[in-house]
Amino acid sequence: MCSNHQHSKLTSANEDLKTIERQLDRRHFLKKTSLGIGAMALGSLLGTEKMFGNLGKDSSPEEVLKAYNKNRLGLPHHTPKAKRIIYLFQSGGPSQMDLFDYKPKLVDMFGKELPKSVIGGQRLTGMSGSQSTLPIAPSSFTFKQYGESRAWVSDAMPYLSEVVDDLCFIKSMQTDQINHTPAITFMQTGNQLPGRPAIGSWLSYGLGSDNENLPTFIALVSKNGKGQPLKASLWGNGFLPTEHQGVQFRSGKDPVLYLSDPENYDGNDRRDMLDYLKHLNELQGDAYGDPEIQSRMTQYEMAFKMQTSIPEVTDLSKEPEYIFDMYGEDSRDPGTYAANCLMARKLLEKGVRFVQLYHQGWDQHNYCPGGVKSQSKKTDQATAALIKDLKQRGMFEDTLVVWGGEFGRTVYSQGQLTSTNYGRDHHPKAFTMWMAGAGVKPGFTYGATDDFSYNVTADPVHVHDFHATLMHLFGIDHERLTFKHQGRRYRLTDVHGHVVKDLLT
């Protein structure tokens with residue numbers, strides 16, 4: 001191993017590196033890197049790290065915006081309301097009419113054929129499109145109104161009903177995709193095809209990090225999940241620099257793979273190794289000008305820091321008993337949805353900007369009543385506890401919380417309809433999501449659907465609109481945050497989307 005003071009005399013046994021070294025004599029090196037070093041120094045001064053580092057809770061919007069304007073991309077474009085986000089993604093498509101979109105008139109229509117006029121020309125999946133009949137299936141759950149906002153919530157969500165006055169329901173969500181994989185990809189990246197950057201990657205690229213020892217974008221997946229598979233491309237960086245990809249934390253001994261030291265290695269010379277590797281990468285970067293080399297160097301440094309930061313942040317043993325009681329018994333079991341909600345709060349406290357939770361199991365094609373009950377039992381208490389926890393810590397006012405899936409479910413029964421059972425197929429044209437926290441109207445319901453929860457009748461919100469609104473809360477004009485790739489400038493919302501200002505405070 002070569003020590004730091006020997007780097008200037010580096011010689012390599014590799015013939016390709018020897019060629020690079022011969023090209024980089026002292027005069028040539030200084031000529032090529034004088035501007036680069038200056039740019040690096042300027043980048044350090046104008047970098048994206050710790051944008052809020054010198055701000056207190058009483059800082060004015062002007063002070064926040066001034067601090068943000070140190071960003072190398074000139075972001076934000078306006079004063080942000082949100083500093084961080086937890087996105088609680090419910091994979092599979094939760095049934096809106098069994099949870100939040102109350103349709104009492106359906107009770108008297110049990111088993112009747114869904115009128116063709118309601119379906120219109122909408123596409124049906126192959127799973128129910130070939131059925132000879134499409135019988136209407138009213139919800140088997142009991143609905144009540146809660147809070148001062150009088151929001152409708154079914155008895156499947158007793159804990160969430162306690163915090164409805166903090167929530168902003170969007171009952172008019174729409175998507176273009178009817179099958180899981182393209183719909184989930186569309187919701188997470190703004191495009192149905194894999195390969196585009198995830199929302200968290202766009203925020204990481206645009207706003208940078210508020211911490212030095214953890215990734216900006218972290219994904220947590222509930223363990224033992226059943227249903228449609230989740231792919232790493234959902235939290236991938238796409239064509240953005242690789243340092244902006246989401247990092248998945250797993251339950252168990254190694255939350256991040258390949259981060260632990262090999263057996264019988266004490267790691268004492270790791271700093272020297274990284275310095276030597278950095279020097280080699282700098283030679284390569286100067287010779288070839290590939291920006292991914294700098295990204296790789298950044299990733300190596302982050303991995304080095306994470307070796308000490310990860311064990312601390314993933315250790316829940318020091319949480320008080322009342323916290324575990326609040327999140328529910330599952331929160332003591334690492335990798336469950338409840339434990340991941342608690343982990344997400346800890347990550348936000350450490351300065352992580354975007355935490356994405358993925359929970360599978362909402363795809364109830366057959367036994368919908370039992371499936372909704374099962375998934376609600378796993379998620380309801382912890383979701384409500386997260387809202388309460390953020391509020392008691394003074395974090396709710398600048399933390400955005402999002403809950404929702406990739407699409408909704410049909411009013412008609414897929415398969416046989418009985419007095420106690422029904423299934424529901426995919427439905428992309430009308431479903432419910434909710435947002436809460438930073439900059440979002442609390443105790444508010446936006447949009448409406450027809451008596452069948454099948455068509456939006458007021459204030460439609462497309463996935464692109466949702467993305468545009470989310471970016472707006474972080475001070476970003478979604479039309480101006482772009483990245484040039486293969487000759488074209490791309491953005492999260494492609495060429496669509498508008499900010500739904502009625503959702504905002």
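## Close-up views of helix contacts, salt bridges and backbone details

**View 1. Helices α6 and α12 run roughly parallel to each other.** This is a predicted model, and that goes for every view below. The call on direction follows from the angle: the axes of α6 (residues 199-207) and α12 (residues 463-473) cross at roughly 30 degrees, and angles under 35 degrees count as roughly parallel. The two axes come within 12 Å, and the crossing is right-handed. Look for Ile199, Trp202 and Leu203 on the α6 side, meeting His467, Leu470 and Met471 of α12. Sorted by class, this contact has 5 nonpolar residues, 1 polar and no charged.

**View 2. Helix α12 is mostly covered.** Of its 11 residues, 10 are buried. Here's the roll call: Val463, His464, Asp465, Phe466, His467, Ala468, Thr469, Leu470, Met471 and Leu473. Three names on that list, His467, Leu470 and Met471, also turn up in the contact with α6. Follow the chain just past the end of α12 and you get to Gly475, where phi is positive at about 80 degrees.

**View 3. Helices α10 and α11 pair up with a right-handed crossing.** Here the axes of α10 (residues 337-349) and α11 come within 8 Å and cross at roughly 20 degrees. That angle makes α10 roughly parallel to α11. On the α10 side, the contact uses Tyr337, Ala338, Cys341, Leu342, Arg345 and Leu348. Facing them from α11 are Lys378, Thr379, Ala382, Thr383, Leu386, Asp389 and Leu390. By class, that makes 8 nonpolar, 2 polar and 3 charged residues.

**View 4. Asp166 and Lys391 form a salt bridge, with their closest N and O atoms 3.1 Å apart.** Asp166 sits in the loop between β3 (151-154) and β4 (167-174) while Lys391 belongs to helix α11 (residues 368-392), so this pair ties together parts that are 225 residues apart in sequence. How exposed is each partner? Asp166 is buried, at a relative accessible area of 15%, whereas Lys391 counts as partly exposed at 41%. Elsewhere, salt bridges with shared partners join Glu319, Arg345, Glu349, Asp389 and Arg393 into one network. Two members of that network, Arg345 and Asp389, also take part in the α10 and α11 contact. The whole model has 19 salt bridges.

**View 5. Arg424 and Asp98 meet through a buried salt bridge, Arg424 at a relative accessible area of 0% and Asp98 also at 0%.** The distance from N to O is 2.8 Å. This one reaches across distant parts of the chain: Arg424 is in the loop between β9 (408-409) and β10 (426-427), Asp98 is in the loop between β1 (84-90) and α4 (116-119), and their positions lie 326 residues apart in sequence. Both residues count as buried because that means under 20% relative accessible area.

**View 6. Lys103 and Asp101 are joined by a salt bridge between their side chains.** N to O comes to 3.7 Å for this pair. Are these two residues buried or exposed? Both Lys103 and Asp101 are buried.

**View 7. Val456 in strand β14 (residues 456-458) meets residues from elsewhere in the chain.** Skip its neighbours within four places in sequence, and its contacts are Ser172, Gln174, Lys429, Ala430, Ala448 and Thr449. Met173 is worth finding too: its C-alpha atom is 8.1 Å from that of Val456, although the two residues are 283 apart along the chain.

**View 8. A cis peptide bond runs from Leu75 to Pro76.** Its omega is near 0 degrees. You'll find Pro76 in the loop between α3 (61-68) and β1. As background, most peptide bonds are trans.

**View 9. Gln486 and Asp494 each have a positive phi, about 50 degrees for Gln486 and near 55 degrees for Asp494.** Neither is a glycine, and most residues other than glycine have a negative phi. Gln486 sits in the loop between β16 (483-485) and β17 (488-490). With 73% relative accessibility, Gln486 counts as exposed. Asp494 is found in the segment after β17.

Key:
Residues numbered from 1 in each chain as written. Predicted model: local features only at pLDDT ≥ 70, side-chain atom pairs only at ≥ 80, totals over all residues. Heavy atoms only, no water. Salt bridge = Lys/Arg side-chain N within 4 Å of Asp/Glu carboxyl O. Helix = DSSP H or I, 4+ residues; strand = E, 2+ residues; numbered from the N terminus. Buried < 20%, exposed > 50% of the residue type's maximum accessible area, 1.4 Å probe, protein only. Axes fitted to C-alpha atoms, helices over the stretch in contact; angles between N-to-C directions. Parallel < 35°, antiparallel > 145°, perpendicular 65-115°, else oblique. Left-handed = near helix turned anticlockwise from the far one by under 90°. Contact = heavy atoms within 4.5 Å. Nonpolar A, V, L, I, M, F, W, Y, C, P; charged D, E, K, R; others polar.
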